[in-house]
Amino acid sequence: MPDTPRLILVAVAWPYANSPLHMGQVAGAYLPADIFARYHRMRGDRVLMVSGSDSHGTPVTVRAEAEGTTPEAVFQRFHRTFLETFEGMGISFDLFTTTDTPNHHAVTQDMFLRLREQGFIYEAEQTLLFDPKAGRFLPDRYVEGTCPFCGDPGARGDQCDNCGRTMDALELKDPRSRLSDATPEPRQSTHFFLKLSAFNERLREWVEPQAHWRPAVKNFTLGMLREGLHDRAITRDLTWGIPIPLPGYDDKRIYVWFEAVIGYLSAAKEWSSIQGTPEAWRDWWENPEARGYYFQGKDNVPFHTLIWPAMLMGYGGLNLPYDVPANQYVTMSGSKASSSRNWAVWMPDYVSRHDPDPLRYVLTAIMPETSDSDFTWAEYVRRNNDELVARWGNLVNRVLTMTRRNFEDRVPEPPATLAPESQAMLAAVDAAFADVGGHIEAVQLRSALGAAMGVAQLANRYLDERAPWVAVRSDREHAAETLYVAINVVSGLATLLQPFLPFTSREAWAFCGNAGDIQAAGWARSTVAAGTPLPEPHPLYKKLDDALVDDEESRLGR
RNA sequence: GGCAGGGUAGCUCAGAGGCCAGAGCAGGGGACUCAUAAGCCCUUGGUCGGCGGUUCGAAUCCGCCCCCUGCUACCA
């Protein structure tokens, strides 16, 4: 039974609303967050899982101009595709909002003003490149030119892809704007800066004792602290974004990287208002017992281990992250996902053609928790057929069809005392709840799934050893015991697998004769009593044909 | 260039000082037949990137080198 309910904030990366989600983002953040949230809900904990569309930023504006539409229209379009993907994949947000709500604007402006009052935000002049034709300041990435180090003519303002050196965009020779091809000119502009340098020591003292952080996350963060944090400009010369809450800055906006992370807080407040309990968010943000887990891809680590904590420290009174279980990348058939080369599996496409649970299964099995991992469609088909269908789906099917045929569609009556191997089998399932749960709490989801699937293998072995298909003709009570135990094992496994495979686990659980909602049944085996009527089952998973591999691979890079 | 992660069986990956280095798949063999010809048992296969070092003992710690990936902070 669950002990006292815990407060768990599941904070998930805010996707940038200028393209649909691809598989790598699901594997890196949304799926692990969902598994984690589902487990804690079953355990009886109070979970708040939030995120939203990052609707601001230069690429959104640029895309809008290219399409002759507004930034609002662009981000709203992708926001809808995100919601459809989450629905189709069973990603169970309590709230998935956007950064373009009045609430988020207000929370951001409050944080801005408070940090400024505390002296952590100051104003300074900056020299930036201005595109006279497009009439706007350019982010470094939007400037191209000749690399001052190696002479490569295709260098970008932030980095040269040829020699790998980083630079200031002002150092580029023969600079030209990627927006208009005009020659950018340096101009002075006044901006607000976040005083990150003031937090270096406090952050180090906070990060160093975090023994439960992943080594990659912790080492990377400490490395940056060792080098020393620089203050960063948090405003831009833009008109699409959150206004600066001070007079005289109409042509400037608060920049995305500063305000997007505030979304975790503003979304919690928005959710509370929607629930009709406007103060509820305080439970996750002010109670020191509450834990916030921030699910990210590795490229997002510094924003969640340094910048956001610094902002929270400066603001005061709010919980810092408990863990930032950032994942590495999932590559596609050996190469990094890329929008421009269309080297990715786009989630709207996947959802339109396939079932959610097989992908959830495969992505969890290869989840890049320690190093990059590779997705191939051949591996997808193999794991579906050999593991989901053969080991788990087939276990459910063989147990239930055999029982129904031989015991009048009901759970058979076991003897008063179970055989030692039957007791051991049930004990193994019960023990798996602590084992799988422990792995999930440590955010080791690949191990957690492996432990659950290991029980399915034990169950197949148990069946094979007791051979109820033979016993049913000679020793009916022996067969009755085996199938009674097997059904209860399947019932327990359905619960164990629910965080990973929510759609099919619900079915498997009901096939065992369980009534009600699997989510409400809790993180423990639901015992099915003898005599319980068994509904007619159907296979949980489809066996996939190898032709799918060629079909899907032909879509890559096209 | 700097920082971080990784290089372990044919393939995809676990393991982070000490039982003969593991799993799944692929390969070989077997008993069974309830089940989506699925499941179960046995089995072939590895100088754990290279070279040195520490240790009674090293994939596991240290140093140097080679290779892959990511980040390098006004893209979020």
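**Figure 1. Domains of chain A in the predicted model.** Chain A is divided into domain 1, domain 2 and domain 3. Domain 1 is made of two segments, 7-115 and 254-349. Domain 2 covers 121-194, and domain 3 covers 354-521. Between the C-alpha centres of domain 1 and domain 2 the distance is 29 Å.

**Figure 2. The interface of domain 1 and domain 2.** Eleven residues of domain 1 and seven residues of domain 2 take part in the contact. Together the two domains bury about 730 Å², and carbon and sulfur atoms make up 74% of this area. Zero salt bridges are found across the interface of domain 1 and domain 2. One residue pair is in polar contact between domain 1 and domain 2, with both residues at pLDDT 80 or more.

**Figure 3. The side of domain 1 that touches domain 2.** Four helices each supply at least two residues here: helix 2 (58-67), helix 4 (102-117), helix 7 and helix 10 (301-315). Helix 2 gives the largest share, with five residues. By residue class, this side of domain 1 has eight nonpolar residues, two polar residues and one charged residue.

**Figure 4. Residues around RNA strand B.** There are 54 residues around RNA strand B, and those that come nearest are Arg232, Tyr255, Val256, Arg461 and Lys543. Of the atoms of RNA strand B that come within 4 Å of the protein, 67% belong to sugar and phosphate. The surface near RNA strand B has 20 charged residues, 19 nonpolar residues and 15 polar residues.

**Figure 5. Polar atoms of Arg232, Asn397 and Tyr541 beside RNA strand B.** An N or O atom in the side chain of Arg232 is 2.2 Å from a sugar or linking oxygen of RNA strand B. For Asn397, a polar side-chain atom lies 3.2 Å from a sugar or linking oxygen of the strand. Tyr541 instead places a polar backbone atom 2.7 Å from a base nitrogen of RNA strand B.

**Figure 6. Helices and a strand that form part of the surface near RNA strand B.** The elements that give two or more residues to this surface include helix 6 (215-227) and helix 7 (256-260). Strand 16 (373-375), helix 13 (377-406) and helix 15 (445-466) are also among them. Helix 13 provides the largest share, eleven residues. Helix 7 appears in two of these views: it gives residues to the surface near RNA strand B, and it supplies residues to the side of domain 1 that touches domain 2.

Conventions: Residues are numbered from 1 along each chain as its sequence is written. Chains are lettered from A and ligands numbered from 1 in the order in which they are written. This is a predicted model: local features need pLDDT of at least 70, side-chain atom pairs count only at pLDDT 80 or more; totals for chains, interfaces and linings use all residues. Side-chain values use heavy atoms; hydrogens and water are left out. A residue is near a molecule or strand if one of its heavy atoms lies within 4 Å of it. A polar contact is a pair of N or O atoms within 3.5 Å; within protein, one must be able to donate a hydrogen and the other to accept it, and residues adjacent in sequence count only if both atoms are side-chain atoms. Ala, Val, Leu, Ile, Met, Phe, Trp, Tyr, Cys and Pro count as nonpolar, Asp, Glu, Lys and Arg as charged, and the others, Gly among them, as polar. Domain bounds come from an automatic or database domain assignment. Contact means heavy atoms within 4.5 Å. Buried area is the accessible area (1.4 Å probe) that two parts lose on being put together, summed over both. A salt bridge is a side-chain nitrogen of Lys or Arg within 4 Å of a carboxyl oxygen of Asp or Glu.
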